Amino acid sequence: VQLQASGGGLVQPGGSLRLSCTASGRVPRINTKGWYRQAPGKQRELVARIHATYKEDYAESVKGRSTISRDDAANTVTLQLNSLTPEDTAVYYCYVGTLSNEYWGQGTQVTVSS
């Protein structure tokens, strides 16, 4: 399984971004898709994930200003993140997981700065 992410870049404080990730290869039919991020000097943390049941989980830091969605026909997961602050600066990784395996994208840099 390969994951290709897109949509990162430089964003001004208060702005928005949309990250997309497409999975290819032998993608398990039942899976959780999500986004994690890692800021310099910090551990990787969950941003949001969406289960095969379409149940959504969000980190407290992004609740109310983010939306995750998935398209199983296209094997994509998308994260919309609004009202960005410098604290959102990190490398964002997309993720596909099952009970027995997990797959990670290469990471895309998001920098929030004026």
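How many bridges join strand β3 to β8, and do the two run parallel or antiparallel? Six bridges join β3 (residues 17-24) to β8, and the strands run antiparallel.

## What you're looking at

This is a predicted model, where local features need pLDDT of at least 70, side-chain atom pairs count only at pLDDT 80 or more, and totals for chains, interfaces and linings use all residues. Residues are numbered from 1 along each chain as its sequence is written, and side-chain values use heavy atoms, with hydrogens and water left out.

## Strand β8 and its partners

β8 covers residues 76-81. Strands here are DSSP runs (E, at least two residues), numbered from the N terminus. Two strands pair if DSSP finds at least two bridges between them. On the β3 side, Arg18 has Gln80 in β8 as its bridge partner.

Strand β7 (residues 66-71) is also joined to β8 by six bridges, again antiparallel. Here Arg70 partners with Val77 of β8. β7 and β8 make a hairpin with four residues between them, and Asn75 in that turn has a positive phi of about 55°.

## Tucked inside

Six of the six residues of β8 are buried (under 20% relative accessible area, using a 1.4 Å probe and protein chains only), so the strand is largely enclosed by the rest of the structure. Both faces are covered: Thr76, Thr78 and Gln80 are buried on one side, and Val77, Leu79 and Leu81 on the other.

Take Thr76, which has a relative accessible area of 18%. Leaving out residues up to four places away in sequence, Thr76 touches Cys21, Thr22, Lys33, Ser69, Arg70 and Asp71; a contact means heavy atoms within 4.5 Å.

Terms used. Buried < 20%, exposed > 50% of the residue type's maximum accessible area, 1.4 Å probe, protein only.
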